[in-house]
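Please work through the exercises below with the sequence and the coordinates open side by side. Each task is followed by a solution that proceeds step by step.

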Amino acid sequence: MAWYLTLIAAVAVERLVELVVSKRNLAWSLARGGTEYGFGHYPFMVVLHIGLLVACVLEPLLLDRPFIPALGWPMLAAVLAAQALRWWCIGTLGPQWNTRVIVIPGASRVVAGPYRWLPHPNYVAVVVEGFALPLVHTAWLTATVFTLLNALLLRTRLRVENTALASLS
């Protein structure tokens, strides 16, 4: 269990790093006249992602979930792949990447990196991680609840982001 808690702590630190990058990029975007879209869902997104990490710790501890190697190791590989995809997205978007939806006047839509194949690859990373991270230690309730709530959130988020991206045309 100790190594799993270390994994959750590492993901939490990674999230904090993302927030630092996002805050820096927000300032960069706003300095260039950027406009934020859909702020209303953002607090729910923050609570949902914090809840994921907390539940990943609590469910295995409180419900005595075992580590099942045949499930845990492939899920760990999926978590690591999701992290790689997320940072590929961040690197590709550069200062335009943000945890918020910001549109900079005159900017063009990025179609490099993973965006060549998918319109929203960062959300693929979020979906995979949200399902796989709890399953590393058999927290199937957390995986199920997060996946369902995240699907509802992503429905809103994608609508907001697609509307924002359409304003670039």
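The exercises that follow concern a predicted model, and they go from backbone angles to helix packing, surface and charge pairs.

**Exercise 1. Two residues with positive phi**

Task: Determine where aspartate 64 and threonine 138 lie, and decide for each whether the residue is buried or exposed.

Solution. Begin with the backbone: phi of aspartate 64 is near 50°, a positive value in a residue other than glycine, and phi of threonine 138, likewise not a glycine, is positive at near 65°. Next, place each residue in the chain. Aspartate 64 sits in the loop that runs between helix H2 (42–62) and helix H3 (69–93), while threonine 138 belongs to the loop between helix H4 (121–135) and helix H5 (140–166). Finally, apply the accessibility cut-offs, under 20% for buried and over 50% for exposed. Aspartate 64 is exposed because its relative accessibility is 65%, whereas threonine 138, with a relative accessible area of 11%, is buried.

**Exercise 2. Helix H5 and its packing**

Task: Describe the span of H5, and find which elements its buried residues pack against.

Solution. First compare the span with expectation: H5 has 27 residues and covers 37 Å from its first C-alpha to its last, close to the 39 Å expected at 1.5 Å a residue. Then list the buried positions, which include Thr142, Phe146, Asn150, Leu153, Arg157 and Glu161. The last step is to follow the contacts of the buried residues of H5, which pack against strand E1 (35–37), H2, strand E2 (101–103) and H4.

**Exercise 3. The surroundings of two residues**

Task: Which residues do isoleucine 104 and leucine 19 touch, leaving aside those up to four places away in sequence?

Solution. Take isoleucine 104, in the loop between E2 and H4, which counts as buried because its relative accessibility is 9%. Its contacts, with residues up to four places away in sequence left out, are Trp28, Ser29, Arg32, Gly34, Gln96 and Leu168. Separation in sequence can be set beside separation in space: isoleucine 104 and methionine 75 are 29 residues apart in sequence and 37 Å apart from C-alpha to C-alpha.

Turn now to leucine 19, which is placed in helix H1 and is partly exposed, its relative accessible area being 44%. Under that same exclusion of residues up to four places away, leucine 19 touches Tyr42 and Thr99. Leucine 19 and valine 145 are 126 residues apart in sequence and 24 Å apart in space, C-alpha to C-alpha.

**Exercise 4. A nonpolar patch and the annotated segments**

Task: Identify which helix gives the largest share of the nonpolar surface patch, and examine the segments that UniProt annotates.

Solution. The patch covers about 960 Å², and among its residues are Met1, Leu5, Val46, Ile50, Leu58, Trp140 and Leu141. H2 and H5 each supply at least two of its residues, and the largest share, 6 residues, comes from H2. Isoleucine 50 is in helix H2.

For the annotation, an unreviewed UniProt entry places the feature "transmembrane region" at residues 39–58, 70–88 and 123–149. In the model, residues 39–58 are 85% helix and 0% strand, with end C-alpha atoms 30 Å apart. Residues 123–149 are also 85% helix and 0% strand, but there the end C-alpha atoms are 14 Å apart.

**Exercise 5. Salt bridges**

Task: How many salt bridges are counted, and what does the pair of glutamate 36 and arginine 100 tie together?

Solution. The general idea is that side chains of opposite charge can pair when their charged atoms come close. With a cut-off of 4 Å between nitrogen and carboxyl oxygen, the count comes to 8 salt bridges.

Consider first glutamate 36 and arginine 100, whose closest N and O atoms are 3.3 Å apart. Glutamate 36 lies in strand E1 and arginine 100 in the loop between H3 and E2, so this salt bridge ties together parts that are 64 residues apart in sequence. Glutamate 36 is partly exposed at 31% relative accessibility, and arginine 100 is partly exposed at 22%.

Next, the side chains of glutamate 59 and arginine 65 meet in a salt bridge at 2.9 Å, N to O, and both residues are buried. Salt bridges that share partners also join Glu14, Arg15, Glu18, Arg86 and Glu129 into one network. Within that network, arginine 15 and glutamate 18 pair at 3.3 Å, N to O; both lie in helix H1 (residues 2–31), 3 residues apart, about one turn of the helix, and both are buried.

Key:
Residues numbered from 1 in each chain as written. Predicted model: local features only at pLDDT ≥ 70, side-chain atom pairs only at ≥ 80, totals over all residues. Heavy atoms only, no water. Helix = DSSP H or I, 4+ residues; strand = E, 2+ residues; numbered from the N terminus. Buried < 20%, exposed > 50% of the residue type's maximum accessible area, 1.4 Å probe, protein only. Expected span 1.5 Å × (residues − 1). Contact = heavy atoms within 4.5 Å. Patch = residues over 30% accessible without salt bridge, like charges linked within 9 Å, V, L, I, M, F, W, Y side chains within 5 Å. Areas by Shrake-Rupley, 256 points an atom, 1.4 Å probe, with all protein chains shown as cover. UniProt positions renumbered as here; feature names shortened; annotations may be inferred.
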